[in-house]
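Work through the exercises below with the sequence and the model side by side. Each task is followed by a solution in steps.

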Amino acid sequence: MDDKIQAVLTLYHERMQQERSQPRVEAPGGRDGGHDQRMRSIGPETGQLLNILAKSLKNPTILELGTSFGYSGIWLAEAARAVGGKLITMELHEYKSAYAQQMAQQAGLADWIDFRVGDAVQMINDLSGKVDFVFVDLWKDLYVPCLKAFYPRLNPGAIIVADNMIRPGTEDVKRYGQAIRALPGISSVLLPVGTGIEVSCFEAE
């Protein structure tokens with residue numbers, strides 16, 4: 001990680017610390033009201049693991065489902081830059097994507113990121129090519145619908161990582177865990193990293 005990236009990660013970590021020290025307040029309009037300022041980010045341990053896994057691939061197309069404010073995208077884009085890949089990151093809300101773009105510019109990583117805004121399932125269906133790495137970290141009821149959309153677009157050897165599999169460990173993420181393990185060509189393991197991540201690999205039959 002170069003100095004620009006370290007500086008941006010420090011800014012994110014400071015925001016995380018501030019967020020965790022304050023009581024949770026539901027945003028006006030609920031989760032899709034366009035006013036939610038909580039980052040809900042993965043921590044640095046999960047970020048480092050994403051970075052390592054993505055760097056194990058050559059020239060990967062990385063798909064991130066749930067840009068949020070861009071923290072995990074920094075880890076993924078740094079990996080993309082290192083191994084000649086690119087990151088496509090998808091977010092429902094323009095204001096979150098805009099913040100993430102600003103931070104990516106500060107980190108010197110914007111040239112390796114394709115920011116897309118809209119409905120994740122629809123945008124996955126609109127992808128023109130296949131993908132080599134998927135990070136799933138959006139609203140949990142969308143995990144299975146997104147899985148159904150991206151599974152046919154996986155290249156052999158693709159890695160899929162889903163967050164929040166242990167905490168909060170909702171019925172939605174349990175359904176995702178069952179669904180991905182039932183798919184042909186998938187091997188999968190649940191790891192107690194961060195809030196719990198399901199790491200899966202696709203090998204074409």
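The exercises cover a cavity, aromatic pairs, salt bridges and two buried residues in this predicted model.

**Exercise 1. The cavity**

Task: Find which residues line the largest cavity, and sort them by class.

Solution:
- Step 1. The structure holds 1 cavity of 30 Å³ or more. The volume of the largest cavity is about 50 Å³.
- Step 2. Its lining is made up of Tyr-12, Glu-64, Thr-67, Gly-70, Gly-73, Ile-74, Leu-87, Thr-89, Ala-100, Ala-104, Ile-113 and Phe-115.
- Step 3. Four elements each give at least two residues to this lining: helix H3 (71-83), strand S2 (86-91), helix H4 (94-107) and strand S3 (113-117).
- Step 4. Sorted by class, the lining has 7 nonpolar, 4 polar and 1 charged residues. Gly counts as polar in this sorting.

**Exercise 2. Aromatic pairs**

Task: Describe the geometry of the Tyr-12 and Tyr-99 pair, then that of Tyr-71 and Trp-75.

Solution:
- Step 1. The structure holds 7 aromatic pairs. In one of them, Tyr-12 and Tyr-99 have ring centres 6.5 Å apart and planes at 70°, an edge-to-face arrangement.
- Step 2. Tyr-12 belongs to helix H1 (residues 3-20) and Tyr-99 to helix H4, so this pair ties together parts that are 87 residues apart in sequence.
- Step 3. Tyr-12 counts as buried because its relative accessibility is 1%. Tyr-99, at 24%, counts as partly exposed.
- Step 4. For Tyr-71 and Trp-75 the centres are 6.4 Å apart and the planes stand at 80°, so this pair is edge-to-face.
- Step 5. Tyr-71 and Trp-75 both sit in helix H3, 4 residues apart, about one turn of the helix. Tyr-71 is buried at 1% relative accessible area, and Trp-75 is buried at 7%.
- Step 6. Ring pairs join Tyr-12, Phe-69, Tyr-71, Trp-75, Tyr-95 and Tyr-99 into a cluster.

**Exercise 3. Salt bridges**

Task: State which parts of the chain the Lys-55 and Glu-78 salt bridge ties together, and describe two other salt bridges.

Solution:
- Step 1. The count of salt bridges is 8. Between Lys-55 and Glu-78, the closest N and O atoms are 2.9 Å apart.
- Step 2. Lys-55 is in helix H2 (residues 44-55) and Glu-78 in helix H3, so the bridge ties together parts that are 23 residues apart in sequence.
- Step 3. Lys-55 is partly exposed at 34% relative accessibility, while Glu-78 is buried at 8%.
- Step 4. Asp-137 and Lys-140 form a salt bridge with an N to O distance of 3.4 Å. Asp-137 is buried at 13% relative accessible area, and Lys-140 is buried at 18%.
- Step 5. Lys-174 and Glu-171 also form a salt bridge, at 3.4 Å from N to O. Both lie in helix H7 (residues 171-181), 3 residues apart. Lys-174 is partly exposed at 45% relative accessibility.

**Exercise 4. Two buried residues**

Task: Decide whether Lys-96 is buried or exposed, do likewise for Ala-149, and list their contacts.

Solution:
- Step 1. Lys-96 lies in helix H4. The cut-off for buried is under 20% relative accessible area. Lys-96 has 6%, so Lys-96 is buried.
- Step 2. Beyond its neighbours within four places in sequence, Lys-96 contacts Asp-36, Ser-68, Phe-69 and Glu-91.
- Step 3. Ala-149 is found in helix H6 (residues 143-150). Its relative accessibility is 5%, so Ala-149 is buried.
- Step 4. Leaving out residues up to four places away in sequence, Ala-149 touches Val-121, Ile-124 and Asn-125.

Notes: Residues are numbered from 1 along each chain as its sequence is written. This is a predicted model: local features need pLDDT of at least 70, side-chain atom pairs count only at pLDDT 80 or more; totals for chains, interfaces and linings use all residues. Side-chain values use heavy atoms; hydrogens and water are left out. On a 1 Å grid over the protein atoms alone, a cavity is a set of points where a 1.4 Å probe fits but cannot get out, and a pocket is an open set with protein on both sides within 12 Å along at least five of seven lines; lining residues have an atom within 4 Å of a point. Grid points are joined across faces, edges and corners, and a volume is the space filled by probe spheres set on the points. Buried means under 20% relative accessible area, exposed over 50%, partly exposed in between (1.4 Å probe, protein chains only). Contact means heavy atoms within 4.5 Å. A salt bridge is a side-chain nitrogen of Lys or Arg within 4 Å of a carboxyl oxygen of Asp or Glu. Rings of Phe, Tyr and Trp (its six-membered ring) pair if their centres lie within 6.5 Å; planes under 30 degrees apart count as stacked, over 60 as edge-to-face and the rest as tilted.
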